[in-house]
Amino acid sequence: MSNIPIDLPKDAFSHMNAGSTESEIITRPSITFWADARRRLFKNKVAMIGLSIIIIITMLAIFVPIFSQYSYTKQDLTNTNAPPSIEHPFGTDSHGRDLWVRVWVGARVSLAVGIFGSVIPGIIGVVIGGISGYFGGKVDMIIMRFIDIVMCVPNMIYIILITIYIGTGPVALVIAFALTGWMGTARSVRGMILQLKEQEFVLASRTLGASSATLIFQHLIPNTLGIVVVSMTMGVPAAIFQEAFLSFIGLGIAPPIPSWGQLANMGISVFRVYPSQLLIPAVLISVTMLSFNLFGDGLRDALDPKLRM
Amino acid sequence: MVKYIFKRLIISIITIWLLATISFFLLRTLPGNPFQTEKLLSVEVQERMMAYYGLDRPLIEQYFTYMKNLLRGNMGYSLKYTNRTVNSIIASTFPISAELGLRSLAIALPIGLALGVASARKRGKAVDYICVIVAVIGVSIPSFIMGSFLQYIFAIKLKILPVSQWQTPAHTVLPTVALALSLMATLTRVMRASMLEVVMQDYVKTAKAKGLSEGRIVWSHQIRNALIPVLTMLGPMVTSVLMGTFVIEKIFAIPGLGQHFVNSITGLDYTMTMGLTIFYGTFLVFANFLVDIAYGIVDPRIRITK
Amino acid sequence: MQERILEIEDLHFSFDTYAGEVHAVRGVSLYVNKGETLAVVGESGCGKSVTVQSVMKLIPTPPGRLKSGKIYYCGENITHYSQKQMQRLRGNEMSMIFQDPMTSLNPTMRIGRQIAEGILKHEKISAKEAKQRAIEMLKKVGISNPEKSYRRYPHQFSGGMRQRVMIAMALVCNPKVLFADEPTTALDVTTQAQILELINELKEELGTSVVIITHDLGVVARTAERIAVMYAGKVVETGLARDIFYNPKHPYTSGLLESMPSGGETGKTLASIPGTPPDLFAPPKGCAFAPRCRYCMKICQEMPPEATELENGHSVFCWLMHPQAPKYELPGRKSRLKTPDLKGDL
Amino acid sequence: MKKKLSALLLIIALLCSVLAGCTTTGDQKNIDTDVTESNDTGEKTDTPSGEPKLADEQILTFVGHNDMMTLDVSLMNDEMSALVMYAVNEALIRYSRGEIIPGIAEKYDVSDDGIVYTFHLRDANWSDGKPVTAYDFEYAYLRLLSPETGSTQIESFSAVLNAMEYARGEITDTSQVGIKAVDDKTLVITLTKPEPFFLEEMAQGINFYPIRKDYVEKYGQNYGSSPESFIGCGPFVLTEWAQGSKITMEKNPGYWDADSIILEQVVEYIVADENTRVGMYDLGEVDGIYSISAVQTVKYSDSFRTRAGGTLQHLVFMSREGAVLSNKNLRLALSYAINRDSIVKAIASPGTVVADSMIDPEISLDGESIVEKYPASNNVHISGDPAKAKEYLNAALSEMGLSSPSELPAINYVCLDSPTHRAYAEALQAQWQDVLGVNVDINIMPVPQAIGSLLAGEFDIFLNGMSTGVAPETLLDNYTLHNPNNYAKWSNQEYTDLFNESMNADNLEERFTKLQQAHQLILDECPVSPLWLPGTAYLFRDYVDGIFYGRQTGSIEFIYAKILEH
């Protein structure tokens, strides 16, 4: 008892009503899952560097072609394969076109193909995987069997087949990616849904009479969203890669629209003679991929609930 | 077990049959004529060739003929390599691609997994960042650029390795490394993610509470469990790697199977494309089967006992 | 005075997170005597698990961080033991059972090996002998057909059986202290009783001290000789089980007891403590329980209460114990202690 | 771990430094378009001063881009097979250094009416020692024509009596076909009508080699798919064919003219990637590259050589009723807008020559170029004629009732999936846009689909490259009425009449005059527009002497080459 201060004012022991004080207010801001994820992401320097590069490249892709004095189709056959100069910061290509503009127009195409080529199959995968996992039984069996079969077709053959059917524009490429790229996502979403389905909150919602659609779209899919978002982010560089590969085998986007894959492919054929024509698109592809991958890694770390404290 | 294998076999056969059927009709509806090369053939010759190969017959009849031959293991003659059978082309090129693939896997698997483990164990530290960045660079450079650079640096500039061809072990170094780099990168990433997941598990804490050393915990409790997701992707990965990679084979002039996957479809070589699709599909089904068995060994929860 | 196996003095333990520091344990002092069972009771998140896990140094740094305080094991200061030094203690001198037997066993390793690897780590015996010991231990924890079970995988056992395996694993090296972190929470009621029975039996047989962490007063009633009640990272009351049950001095303890259903009084609505525990990102400057306390006084919000020592080592951290404070009769447990009701979840 | 990491970092550092190095050196170079002019003869090193010493080792290695498809003469239709076949087999007559020289046939007689050709065979042996007989030739030719064989090459024999009828299955009796072995040493070929270009066809064609019947019978459909299943009678013997990788040929000591063969061994590597091919050449792993692209010649501006001709690249305009380009003035506008010269200089392979007619100027009879003697031209200046192009465009627009080129319907340019075709398409597209403001959509397709579109008429513009053959009418033949190969779907009765009159003419003068008129007509109507005769650049070390590239594809002649001391 000796350590208790003796000199306490009389009113120190006056009664207070519980709950009437300020300390009742919970001091820690209520952190939702997404807010928490955002906070973690912003703290992740590597991911933020990745994001900044993506933003810079996107900005350049949007604005350079608008403000440049050259158009990406304007040829000058008397000034072909020029080295970088003040007039042409990246030099000119085999047709004497300004590579600075072509690279940034190519960025538009590659980024668009990358983003749509990843997001659209991602969405298809989520919907099909969600349906398959949720309904289970015959529906699941048929969908999974179908995926098994389709996955047996070598991806390359499949994509080439589709591009032969529908052409080689950016839109056609995105369609090809959409048709070929949804299976992986569908499978993993299905797996997650199968797990989630058994959990209490879903049972609770079901007993309260929620419809299938409500369950799938309000309970199940949001809970898989974290992983899907991560896989879509990772899918962007994969799609850019895929486009580059198709360009390499000659089935990329139709000229005169450039893409990074095409520029790199053009560059590779002249790389011994004019290395800058390969280096520029190669570095840009690699840096962009790197940024998306780093950002995706950061996103995954941020969205992993197990790491939440 | 026998029953399980039997059931798997039946499912596999049905899968491959459906695969063959779908690819057959998909391919035949493609526009174009397989006999046309840049040297134009006259309409007469072209029709003659269609008739010669029976491609003018009703599609359904062609389908049954093809299936009948397929049952006997005969995938027909290539339409481009006019007097070589698809079987013989696969038989002569697949071993080369498979060798390259196996060499790359032999490098990529241990290093990739080790980097993944190291990175996860030192999460957030310099080692982690270096591993992650190395891994990400590995998947961030398109293989045609990576392959060309490696060749340019080590063969042409430094002159320490041969430029191309598939002859002595020295010839295999560059293509193996070029292929292994991207595989390694993928494996590192998957293993890292998987390890991070495992590290959080309760049984790791249990093992720690038992007084086991770090090394022992990592080795016998974490890695084994972390390998499970890696195994899942190994089936398709091994299949596609052993089937050859177009880009690497082209750059390093390796007479493997990979080039045929692209050339046969762009050249509309029906029999070759069909043969490759079926070969690939069968191989994948088989690889997945093996993976499932391996799964059972690593993860007793799904051991096949029925 | 009995031999003290473990003593914790003024332990402070925090987690560093992106959002800031979480003060999970804020000055906990505890001790465990040889051969006795100490129950640490409190709501989830009050820091009980963190306390024992920090004793065993199971929490990785970062994010965990031992800020201050001292830990003595058998009189030796182990506060700053390295992981290597701890490895010799863990499993051998002190071991631990976790809450969820479903996830605490490695799913890909035979249980026999999981038990034996602990023995092999701490004792210089052959693999064969280790196996023999493990089989004996399995028999001891009541696993039928231990030879066969030795070769089984965790998923082939039920939850209760798995917890038995966990116990076998924890006790196989004859540790002096067993930490049981909510050992029955994940089990069904009948199994809970069996597992507690088993822990009690083995404790008697092996002379092990047990620290049982629980939020379930029913569990406490069945096993503990002494009780420490924790709230918001601090011990608020500690003493012999009967003193705590029948003569609680802290309003929180009293509230806990009131919210525990008792066998006799059917039809009576269970009391509950309104409000939620404070956030440990920014612990209140006064008594952490004050906002929920029906006896709250002005001083409670200003200053943290100090310990008031009563008889039999019963000590309370509450301003009500101050001589100047008004006196209340706090309700305690009314029915007899020896009719435990195991449904007393909070 | 650390070691591996540092090794990786080292590699990355190396990469950076090497690449940085090559940027600076690369900047100084630029395409020197004059290079082509100083190098367009195929025989640069062919005029040795004095007697150069031969190297001890007579091994020639070179690298090509494609594997050969088959060694079955009857099925063969690709360049790389032809290349090897030229060395490992021998036909009755050979085409070498631009002229016809004797092969297995010692001599031949032509009947006065120009219909019956009699070949007298020399004593020559197959590489296994058995004699080559006229029956081997008869068997080979009839096998090629037989409907059982499935050959794409039957048209090589179209001049031969009843050959096409037999090939089509209209007659089955081979004795009615004008190919007859009289005895072991005499082969008689009878034509339908006199054809002065038949010998050229035989010499330059790739399917006139003999075949050993016993080999075909032994190996069946696998005949010619490996060195074992093939036998030839040429100056070299195929000893190794590592498919997709390497072809090795050794000198055939039993060849009748073995004394003039100096090389002991020829090795061809097959490497699909051009950077790799050039790298092998730089490192001295090979003595030559079969063909290199225009851009690579920049690095070897004083050592590469070129060859030209054999193929004419021309635009086919879809002229069918209802198509956008059915308007003649629009077609002419497009043709006049093209600056052929600038495209050839900037993009085309060195050795490429601008063309203004549909007949290869190299096609000649008795040493006289036919198109020079009977000229016809599209009259477009090699640098194009923008003013005239616009005139034609305005005329076309007013005929079509349009006020600006932007109102034109979409014009679909179907482009073969190849880097050069792509580059041409992009250049043409830009010129049409610049000069005329006409927008053309490029649609790139893999070869089978692209040609499928060409045959089906599903295109507006198609850049077609066709072999010009040995006879002047080769390309013009297709555009007659109702010809299934009339790619432009252009129907012109006058043209058809003129062409048929030319074909049925009694004498050469009339034949060529009528052809000249038809030729001029098609150029004026412009369903097709000649662009250029593409050349090929190739690279051989200076010490390789006696390499000659023929006019036709696949006729690289290394058989008489020798390796000089170096």
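A residue is buried if 20 or more other C-beta atoms lie within 10 Å of its own, exposed if 12 or fewer do, and partly exposed in between, with C-beta atoms placed from the backbone. Helices (H or I, at least four residues) and strands (E, at least two) are DSSP runs, numbered from the N terminus. The structure is a predicted model, in which local features need pLDDT of at least 70, side-chain atom pairs count only at pLDDT 80 or more, and totals for chains, interfaces and linings use all residues. Residues are numbered from 1 along each chain as its sequence is written, while chains are lettered from A and ligands numbered from 1 in the order in which they are written.

**Exercise 1.** Determine how far strand β21 of chain D is enclosed, and identify its partners.

*Solution.*
Step 1. Strand β21(D) covers residues 535-540; six of its six residues are buried, so the strand is largely enclosed by the rest of the structure.
Step 2. In a regular strand the side chains alternate between the two faces of the sheet. Accordingly, D:G535, D:A537 and D:L539 point one way, whereas D:T536, D:Y538 and D:F540 point the other way, and all are buried.
Step 3. Two strands pair if DSSP finds at least two bridges between them. Strand β11 (residues 288-292) of chain D is joined to β21(D) by three bridges, in antiparallel fashion, and D:G288 stands opposite D:F540.
Step 4. Strand β12 (residues 304-308) of chain D also runs antiparallel to β21(D), with five bridges; here D:A308 has D:G535 as its bridge partner.

**Exercise 2.** State the strand order of the four-stranded open sheet in chain C and name its edges.

*Solution.*
Step 1. The order is β2-β1-β4-β5, and the pairing is antiparallel.
Step 2. The edge strands, each pairing on one side only, are β2 (20-33) and β5 (76-77) of chain C.
Step 3. Within the sheet, eight bridges join β1 (residues 4-17) of chain C to β4 (residues 64-73) of chain C. One bridge pair links C:F15 with C:G64 in β4(C).

**Exercise 3.** Classify the packing of helices α3 and α9 of chain A.

*Solution.*
Step 1. Axes are lines fitted to C-alpha atoms, for helices over the stretch in contact, and angles run from 0 to 180 degrees between N-to-C directions. Helix α3 (residues 99-135) of chain A and helix α9 (residues 260-269) of chain A meet at about 130°, their axes 7 Å apart.
Step 2. Angles under 35 degrees count as roughly parallel, over 145 as roughly antiparallel, 65 to 115 as roughly perpendicular and the rest as oblique. Therefore α3(A) is oblique to α9(A).
Step 3. Two residues are in contact if their C-beta atoms, placed from the backbone, lie within 7 Å. Helix α3(A) contributes A:R102, A:V103, A:G106, A:A107 and A:S110, and α9(A) contributes A:W260, A:G261 and A:L263.

**Exercise 4.** Describe chain B and the surroundings of its helix α11.

*Solution.*
Step 1. Chain B contains 12 helices and zero strands. Of its 306 residues, 54% count as buried.
Step 2. Helix α11(B), residues 258-266, is mostly covered, with eight of its nine residues buried. Among them are B:H260, B:F261 and B:I265.
Step 3. The buried residues of α11(B) pack against α5 (155-166) of chain A, and against α4 (86-121), α10 (246-251) and α12 (270-298) of chain B.
Step 4. Just after α11(B), B:L268 takes a positive phi of about 55°.
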